[in-house]
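Before reading on, take a moment to look over the sequence and the fold drawn with it. The paragraphs below go from strands to helices and then to the interior.

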Amino acid sequence: MKLLRIPPEQISQRWGSISPFLDSVLKCATDDFTLDQMKVYLTNGQWLTLGVFDEADLRGVITVSFTNMPNDRIAFVITMGGKLICNQDTYKQFSDLLKTYGATKIQGAARESIARLWKRFGFNERYRIVEAKL
């Protein structure tokens with residue numbers, strides 16, 4: 001499988017194939033954003049869009065935002081949708097690609113099962129996120 005950037009100018013054109021992967025992830029998320037709101041972030045380039053391709057077929061989509069901190073540039077995984085897209089090869093491609101954007105760390109919020117999966121790739125649980133609506 002090959003991990004490739006999907007440029008913002010192609011999001012609308014490819015939306016029919018991208019949106020099902022994002023929609024499946026939103027079923028696990030709370031009300032942080034809608035699919036339409038995600039499209040806005042992707043088309044205006046605020047979030048990086050990565051496609052996981054097997055030959056010419058799109059097998060998954062990853063969205064990432066970047067935050068500059070005093071000691072690191074954090075690549076925060078917003079969504080990761082697709083089946084069987086997490087393996088050592090795609091992780092290597094993912095981390096190498098994020099480095100080209102200046103990232104020094106990868107972070108993401110994850111359910112317990114996903115956190116267990118990412119431990120296989122050297123991730124550690126740093127903290128848990130809790131929230132209350134005001």
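In this predicted model, a good place to begin is the pair formed by S4 and strand S5 (residues 105-108), which run parallel and are joined by four bridges. Within this pair, Ala-75 stands opposite Ile-106 in S5, while Ile-74 stands opposite Lys-105 in S5. To get from S4 to S5 the chain passes through H3, and the β-α-β crossover made in this way is right-handed.

These two strands belong to an open sheet of five strands, arranged in the order S1-S2-S3-S4-S5 with mixed pairing. Strand S1 (2-5) and S5 stand at the edges and have a single partner strand each, so one side of each is left without a neighbour in the sheet. From one strand to the next, the twist averages 35°.

Helices lie against this sheet. Helix H1 (residues 8-26) lies across S1, S2, S3 and S4 and runs at about 95° to S3, whereas H3 touches S1, S2, S3, S4 and S5, with a direction that makes about 25° with that of S1.

Which residues have the most contacts inside the largest nonpolar core? In this core of 17 residues, they are Leu-3, Leu-50, Ile-62, Val-64, Phe-94 and Leu-98. At least two core residues come from each of strand S2 (48-54), strand S3 (57-68), strand S4 (73-82) and helix H3 (88-100), and H3 gives the most, with four residues. Beyond its neighbours within four places in sequence, Ile-62 is in contact with residues including Leu-3, Leu-50, Val-77 and Phe-94. A second, separate core has 14 residues, among them Ile-11, Phe-33, Met-38 and Leu-42.

Technical notes
Residues numbered from 1 in each chain as written. Predicted model: local features only at pLDDT ≥ 70, side-chain atom pairs only at ≥ 80, totals over all residues. Heavy atoms only, no water. Core = buried A, V, L, I, M, F, W, Y, C linked by side-chain atoms within 4.5 Å. Buried < 20%, exposed > 50% of the residue type's maximum accessible area, 1.4 Å probe, protein only. Contact = heavy atoms within 4.5 Å. Pairing = 2+ DSSP bridges. Right-handed = clockwise from strand over helix to strand, strands pointing away. Axes fitted to C-alpha atoms, helices over the stretch in contact; angles between N-to-C directions.
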